[in-house]
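Ready for some practice in reading a protein model? Take a pencil, work through each exercise, and then compare your notes with the solution.

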Amino acid sequence: MFFRLLPGITGALGFAVISLRRLDLPHPRPWEYAWLVSLVAAVIGWRSTPQNNIFLLKQFMLGLVVFGLSPVFFGLFDLKRDIMLYLQERKYTYEMFGFPAVLLWTAFMLIALQLHSFSLYFSYVLLGSWKPRVLEKLKAR
């Protein structure tokens, strides 16, 4: 996804990479940029694990819902018409790497939806398992 958004990011920063323009990728949609911010939430979640930091884990869960799941649901809603058009009439507007772009986007979003859902579930379970340790530490003081 980052590779796909790279031409738009470089254009927004004021410089263009000619080799990226040759790929002829469709223009990025706003939800794709919002989804890219979920990588920050992933780093926060990763940083929460070494010391069982509940605050960072809660921030990860919030970031995952706002910047991970919400853009994916919005993207599925945004592509609903294109998906239905492809399924009913086999018509599509863009092609990426020899495949209809709508199929690649849909596959990416379904995989991202599964990964984000499992991450949210496992972080919820992890949050529940970390809480008794915090309570034990407070009682020991």
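**Exercise 1.** Over residues 97-127, what percentage of the chain is helix, what percentage is strand, and how far apart are the end C-alpha atoms?

*Solution.* Keep in mind that this is a predicted model. Start with the secondary structure: residues 97-127 are 87% helix and 6% strand. Then take the distance: the C-alpha atoms at the two ends lie 41 Å apart. Now try residues 60-77 in the same way. That span is 100% helix and 0% strand, with 24 Å between its end C-alpha atoms. Finally, look at the record: the unreviewed UniProt entry annotates residues 31-48, 60-77 and 97-127 as "transmembrane region".

**Exercise 2.** Find how many helices and strands the chain has, and the order in which they come.

*Solution.* Count the elements to get seven helices and two strands. Next, walk along the chain from the N terminus, and you should read α-α-α-α-α-α-β-β-α.

**Exercise 3.** Which residues of helix H4 are buried, and why can they be said to lie on the same side of H4?

*Solution.* First, recall the cut-offs: a residue is buried under 20% relative accessible area and exposed over 50%. In H4, which covers residues 38-48, the buried residues are Ser38, Ala41, Gly45 and Ser48. These residues span an arc of only 65° around the axis, so they sit on the same side of H4. Now turn to the other side of H4, where Val40, Trp46 and Arg47 are exposed.

**Exercise 4.** Describe the largest nonpolar core and say which elements build it.

*Solution.* Begin with its membership: the largest nonpolar core contains 14 residues, and Val72, Leu79, Trp105 and Met109 have the most contacts inside it. Next, find the elements that give two or more residues: they are helices H3 (30-36), H5 (54-78), H6 (80-89) and H7 (101-140). H7 gives the most, with six residues. Then zoom in on Leu79: leaving out residues up to four places away in sequence, Leu79 touches Arg29, Trp31, Trp105 and Met109. There is also a second, separate core of eight residues, with Ile54, Leu57, Met61 and Leu64 among them.

**Exercise 5.** What share of the chain is buried, and how much area does the chain expose?

*Solution.* The chain has 141 residues, and 30% of them are buried. For the surface, the exposed area is about 9700 Å², of which carbon and sulfur atoms supply 67%. To finish, consider contacts with a separation of 6 or more: residues 24 or more positions apart account for 67% of these.

Notes:
Residues numbered from 1 in each chain as written. Predicted model: local features only at pLDDT ≥ 70, side-chain atom pairs only at ≥ 80, totals over all residues. Heavy atoms only, no water. Core = buried A, V, L, I, M, F, W, Y, C linked by side-chain atoms within 4.5 Å. Buried < 20%, exposed > 50% of the residue type's maximum accessible area, 1.4 Å probe, protein only. Helix = DSSP H or I, 4+ residues; strand = E, 2+ residues; numbered from the N terminus. Contact = heavy atoms within 4.5 Å. Arc of directions from axis to C-beta. UniProt positions renumbered as here; feature names shortened; annotations may be inferred. Areas by Shrake-Rupley, 256 points an atom, 1.4 Å probe, with all protein chains shown as cover.
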